[in-house]
Amino acid sequence: MGRHEILRPSRRAFLQGAGLVIGVTLAGRGMAANLIQGNPADVQNPEAKAFNAFVRIAPDSSVTVLSKHIEFGQGPYTGLTTLVAEELDADWSQMRVEAAPANDEVYKNLAFGLQGTGGSTAIANSYEQMRKAGATARAMLVAAAADEWNVPAEEITISKGVISHQASGQSSDFGSLADKAATMDAPSEPTLKDPKDFVLIGKDRPRLDTPSKVNGTAVFTLDVLTDDMLIALVAHPDHFGATVASVDETEARKVPGVVDIKTIPQGVAVYAENTFAALKGRAALKIDWNLDAAETRSSDEIYEEYRQMIGGAQGLEAANEGDVDGAMNGDGITTLSVDLVFPFLAHAPMEPLDAVLMRQADGSIDCYNGAQFPGQDKAAIAEVCGVDPANVRVNTQLAGGSFGRRAQFGSPYMREAAEVFKASGMTRPVKHMWTREDDIRGGFYRPIYVHSLRGAIDGAGNIVAWDQSIVGQSIMNKDELDTTSVEGASDMPYRIANRRVMAHQPKLSVPILWWRSVGHTHTGFAVETFIDQLLDKAGKDPVAGRLALLPDDARERAVLEKVAEMADWGSPLPDGRRRGVAVHKSFSTYVAEIAEVSIGEDGGPKVHKVWCAVDCGVAVNPNIIRAQMEGGIGYGLGAILYDEVTLGDGGRVVQSNFHDYRSLRISEMPQVEVAIIESSAAPTGVGEPGTPPIGPAVANAWRRLTGQPVTRLPIMSAAGV
């Protein structure tokens with residue numbers, strides 16, 4: 001066997017019914033993309049023909065789609081494959097998928113201009129592109145059949161993977177014509193189906209990655225093992241912005257299995273023969289950290305400084321319509337004010353960050369990781385390790401979640417992994433790992449935000465003014481207005497004549513990053529809880545009041561009306577229960593949710609059921625859309641109930657793992673009912689838009705239960721329960 005082998009470890013073997021037998025597969029270049037599926041059909045069919053950058057057809061008629069988007073639980077592998085299969089008229093059983101290689105030009109996200117998955121754009125930016133890829137391959141197969149059978153191309157049909165010419169009685173599978181078809185001229189503008197003729201799009205379809213994840217054959221980065229591989233862990237500082245002053249390695253080097261210790265820009269790396277030794281060695285390090293440039297303020301101190309910035313002269317204007325100050329001070333006006341506090345949030349994916357790097361005999365480097373921005377990862381490795389980017393291969397693996405964590409411009413995590421690999425001498429493969437404690441304490445959080453809102457109601461019960469200030473770090477590190485800080489507030493859909501939204505963007509040493517639904521994580525909560533309070537003060541129903549404020553052509557109307565119908569809004573409720581509603585647009589998708597809530601045994605909210613209506617344009621796979629709404633609701637509910645990362649006295653992170661930064665338990669997950677609005681509009685994102693409405697829907701119900709508005713998250717911590 002070759003030096004670098006990928007093993008499926010014993011923790012998987014029991015799922016495969018193989019006892020302690022460990023499967024062994026030689027890992028050649030580019031092999032990992034096939035191994036991640038647990039179905040290396042195209043490895044066994046190296047003669048598969050490429051019809052374009054996205055479609056390959058093998059002699060056995062299997063069709064492999066190269067996905068430019070990573071699969072980390074959101075369903076793009078299945079969605080993109082559905083688009084190709086629809087236009088190709090393939091049978092679903094023929095379809096396969098694997099990760100595309102790292103190439104920012106060929107596989108760029110059309111919304112970003114580089115290869116990357118994020119912003120709920122996988123289907124939205126690929127809808128027409130992947131359909132054209134399938135239609136192109138179909139046209140080439142038809143052309144090959146017409147030439148082979150000497151019949152007119154327009155008389156040839158394809159159905160469920162069978163190419164036929166009815167008049168002559170001739171037919172063929174894809175594989176028999178693949179060689180010839182691959183040589184045919186590709187049409188410059190292939191004809192796409194009329195949506196009325198769709199066979200697969202719009203129908204429930206099982207996910208392609210589910211079987212391998214159930215039977216244990218799916219390979220994540222954690223499963224990538226090679227012979228002679230080192231495990232590396234980095235000791236990071238307890239304070240953001242701190243650097244290594246000195247390190248005593250004496251005790252760490254005594255740990256059996258520890259091979260070496262190196263100081264790198266990000267901290268101190270411990271290399272060992274196994275994970276246990278790396279953990280023990282790292283724990284034995286004695287490091288003095290230089291805190292001169294470190295963040296030493298506590299969360300409470302930061303909150304207070306943010307409050308002092310509200311109303312200051314340095315605000316950035318995000319929206320300004322009408323005369324807010326005049327409307328606030330008019331005759332017969334009733335005003336309402338509220339301040340809201342949002343904590344740092346970690347992403348906490350089930351699979352923390354990891355990467356395997358190995359140098360080949362020719363000096364090139366292979367990287368195996370769950371790459372959300374593979375081109376950026378490739379560039380980072382090349383720069384740090386001093387190799388030509390053409391000699392770096394990023395083999396994208398399945399990933400166990402992200403929620404934004406793996407999408408970092410400049411790839412700081414991969415730079416750390418590359419620094420670790422470079423410092424090792426690059427003579428042995430290195431698996432660089434973060435533990436969950438590393439990840440939760442390691443920063444790149446959703447920033448802290450403080451909102452201050454004022455509203456005005458006239459004598460007739462009309463909301464006549466809205467004044468909102470938002471204070472928080474710029475995720476995009478901008479000095480000018482960062483639209484991701486105000487999205488969902490600056491463009492709120494409600495017709496309020498006098499409206500002002502201002503932003504303040506302080507600088508901190510705490511590294512930050514987008515978190516599932518980015519700015520909508522806090523603006524959606526602020527807008528929907530405050531509008532609810534204003535409507536209540538005006539004596540108006542939460543649903544009817546919102547509808548009255550929405551323009552007649554607003555797509556929010558349909559989801560709000562639908563969710564009210566689903567929940568039978570206004571019907572009597574069991575004693576001790578109340579309902580809250582919220583509607584929000586994010587990533588061009590419209591979602592309305594109603595939550596039914598009671599006071600739980602722990603004194604906090606118990607959410608019994610959530611109704612959800614979503615308008616995401618064309619529903620490529622309703623099954624995945626429902627799953628993403630359910631997942632977004634569960635993720636958002638756990639965050640607003642329990643989650644916060646706190647900087648304690650001196651700026652040190654308090655939380656460390658799921659015991660004090662906890663996910664929603666399965667017993668706490670409410671029943672969820674999802675309705676998808678039928679639409680012919682272009683498809684939009686579904687990975688993130690289910691998350692923003694759940695927080696305000698629950699908070700609005702909680703206010704009706706307790707009489708107290710939620711002004712600080714998470715609810716359980718703020719309520720002292």
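Two residues are in contact here when they have heavy atoms within 4.5 Å of each other. Keep that in mind for the views below, which all come from a predicted model.

**Figure 1. Leu285 and the residues around it.** Look for Leu285 in the loop between α9 (275-284) and β14 (286-290). Once you set aside its neighbours within four places in sequence, Leu285 is in contact with Ala235, Val247, Asp248, Glu249, Ala252, Ile261, Val268 and Val270. Is Leu285 buried or exposed? Its relative accessible area is 11%, and buried means under 20%, so Leu285 counts as buried. Thr78 is another story: 207 residues separate Leu285 from Thr78 in sequence, and their C-alpha atoms are 46 Å apart in space.

**Figure 2. Asp331, out on a loop.** Asp331 sits in the loop between α11 (324-328) and β16 (334-342). Its relative accessibility is 79%, and the cut-off for exposed is over 50%, so Asp331 goes down as exposed. Now find Gly459, which is 128 residues away from Asp331 along the chain. How far apart are the C-alpha atoms of Asp331 and Gly459? They are separated by 8.6 Å.

**Figure 3. Helix α16, wrapped up by its surroundings.** This helix covers residues 520-537, which makes 18 residues. At 1.5 Å a residue, α16 should span 26 Å, and its end C-alpha atoms are 25 Å apart, so the two values agree. Because 16 of its 18 residues are buried, α16 is largely enclosed by the rest of the structure. After the helix, check out Gly539, which has a positive phi near 75°.

**Figure 4. Helix α17 and its packing partners.** Here's a helix of 8 residues, running from 542 to 549, and 6 of them are buried. Which residues of α17 are the buried ones? They are Pro542, Val543, Gly545, Arg546, Leu547 and Leu549. These buried residues pack against two strands, β22 (463-472) and β24 (578-586), and against the helices α16, α18 (556-567) and α20 (694-706). So α16, the helix in Figure 3, turns up again as one of the partners of α17.

**Figure 5. Backbone oddities at Phe444, Asp568 and Pro714.** A bit of background first: most residues other than glycine have a negative phi, and most peptide bonds are trans. Phe444 isn't a glycine, yet its phi is positive, at about 55°. You'll find Phe444 in the loop between α14 (436-441) and β21 (449-457). Asp568 also has a positive phi, near 55°, and lies in the loop between α18 and β24. Asp568 is partly exposed, with a relative accessible area of 48%. As for the peptide bond, Leu713 and Pro714 are joined by a cis one, with omega at about 0°. Pro714 belongs to the loop between α20 and α21 (715-718).

**Figure 6. Stepping back to the whole chain.** The secondary structure comes to 21 helices and 27 strands. A compact globule of 721 residues would have a radius of gyration near 27 Å, and the chain has 27 Å, which agrees. Of the 721 residues, 59% are buried. Take the contacts between residues at least 6 apart in sequence: 75% of them join residues at least 24 apart. The chain carries 67 positive and 91 negative side chains, and the centres of those two sets lie 3 Å apart.

Notes. Residues numbered from 1 in each chain as written. Predicted model: local features only at pLDDT ≥ 70, side-chain atom pairs only at ≥ 80, totals over all residues. Heavy atoms only, no water. Helix = DSSP H or I, 4+ residues; strand = E, 2+ residues; numbered from the N terminus. Rg over C-alpha atoms; globule rule 2.2 N^0.38 Å. Buried < 20%, exposed > 50% of the residue type's maximum accessible area, 1.4 Å probe, protein only. Lys, Arg positive; Asp, Glu negative; His and termini not counted. Charge placed at Lys NZ, Arg CZ, Asp CG, Glu CD. Expected span 1.5 Å × (residues − 1).
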